[in-house]
Amino acid sequence: MDLNQIISEGISKSNDIGTPAIIYLKKALQYNVDTIQREIKSIYNTVKVLYSVKACCNADIIDFLSKNIDGFSVSSQAEFNNIKKYHKTISATGFHYSDHNLLDNCIFYFNSLSQLKSLLSGKKKREKIKIGLRIEAPNTLYCGKNIFSHFGFTIAQLKELELLQNKFNFAITSILIHQENKVFNDNKKLRDFILNILNMKVLKNVKSINLGGGWDNLFLKNQVSQFINSLKIPNKYEIYIEPGSMLVRTIGILKAEIIDQNIKHGVKYLTLDTSQFNNSSWFVPRVIANTKNSKVRSMKTMLYGNTCYERDFFGDLGKTKLSLKDIVYLYPVGAYYDTTHRELHGIKFPREYFI
Ligand SMILES: Cc1ncc(COP(=O)(O)O)c(C=O)c1O
């Protein structure tokens, strides 16, 4: 079954589910997991896949992934608490560092000199501390010129770290280099960057390289393994990838009912029983299916959410026959939908199902 067939089947299977609802499809998630496992088999380094829970922290999805992939990536204490019971490999970043981030199965990637100094100054010199380091990645094709990420160490700061190594007892065993929206053309710049920094004395204890998230484009083109192999990372290094969106973006459907209709100025203004403004501050899904009412005249249709905010808007649908009481299905809502939601007027996120 391909993804389109899985989505069509999911829509038919959701008949008994009331609206509004977010329906995550187990088969679609399995499909994505199988696809990445296949890719990983043809990479010459050992690769671990850690799901970045910031993309969607639905408990059923996390539970499913805990049985199917190597571990998780978290960016806060709350995300850490969500997944610690699984005792899997954890990659952690963020601004709130605490001691349990140094558990054996957890690598905490320090973001700045000040964050690292605050850890080290509280430790006895005898104790050798193994840490991860987040390194500012080279820009990708989609980055604006001269816009730098505020995350991670620069090469100049890595040199400063060498001095700290004389004062404190720590070993950098892993580095994290996250780039958003990777495309194949970015590979040479990243390859040269990685091979260059791996020569630095301060990184001589590194055992693993975490390439972060941002794999969607490569995943859709089945280019993940080709991209990673092209980095030519010596195979003594283990590789981690921590995709969020890549695993869950395509697995979620929003089912909603049209609860209001206002025909004026030659346009049909329709309102759903859920709010785009509330559901996600990042992404707007598209209508992919609806119940059909053939007696209705086709006319220009605008689709809105159910808050009283003028710009709570799902989109201009062009000419449609949609009308009051129709059910619509919107897609995709799997990634950064629930985790970027808000609650204007106290309207809650739709009920979530994993079927
Ligand atoms: C460090 C890090 N890892 C992983 C991810 C997940 O990215 P994506 O959902 O694009 O795969 C992010 C996203 O911001 C990130 O900052």
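Strands β11 and β13 (residues 299-304) run parallel and are joined by 4 bridges. This is a predicted model. The points below cover the pairing around β11, two residues with positive phi, two cis peptide bonds, and the largest nonpolar core.

**Strand pairing around β11**
- In the pairing with β13, K268 stands opposite T301.
- β11 also pairs with β10, in an antiparallel arrangement with 6 bridges.
- Across that second pairing, L270 of β11 has Q261 opposite.
- In a regular strand, side chains alternate between the two faces of the sheet.

**Residues with positive phi**
- Most residues other than glycine have a negative phi, and most peptide bonds are trans.
- H265 is not a glycine, yet its phi is positive, near 55 degrees.
- The loop holding H265 runs between β10 (252-264) and β11 (267-272).
- β10 and β11 form a hairpin with 2 residues between the strands, and H265 takes its positive phi there.
- H265 counts as exposed because it has 7 C-beta neighbours inside 10 Å, and the cut-off for exposed is 12 or fewer.
- N181 is another residue that is not a glycine but has a positive phi, about 45 degrees.
- N181 sits in the loop between β7 (170-176) and α7 (187-197).
- N181 has 16 C-beta neighbours inside 10 Å, so it counts as partly exposed; a residue is buried from 20 and exposed at 12 or fewer.

**Cis peptide bonds**
- T19 and P20 are joined by a cis peptide bond, with omega about -10 degrees.
- P20 belongs to the loop between α1 (3-13) and β1 (21-24).
- Another cis peptide bond links Y331 to P332, and here omega is about -5 degrees.
- P332 is in the loop that lies between β15 (327-331) and β16 (351-354).

**The largest nonpolar core**
- The largest nonpolar core contains 74 residues.
- I175, I239 and V248 have the most contacts inside this core.
- Domain 1 (26-248) and domain 2 (251-354) each supply at least three residues to the core.
- Leaving aside residues up to four places away in sequence, I175 touches G132, L133, I135, L203, V206, I209 and N210.
- In soluble globular proteins, nonpolar side chains tend to be buried together.

Conventions. Residues numbered from 1 in each chain as written. Predicted model: local features only at pLDDT ≥ 70, side-chain atom pairs only at ≥ 80, totals over all residues. Pairing = 2+ DSSP bridges. Core = buried A, V, L, I, M, F, W, Y, C linked by C-beta atoms within 7 Å. Domains from an automatic or database assignment. Contact = placed C-beta atoms within 7 Å.
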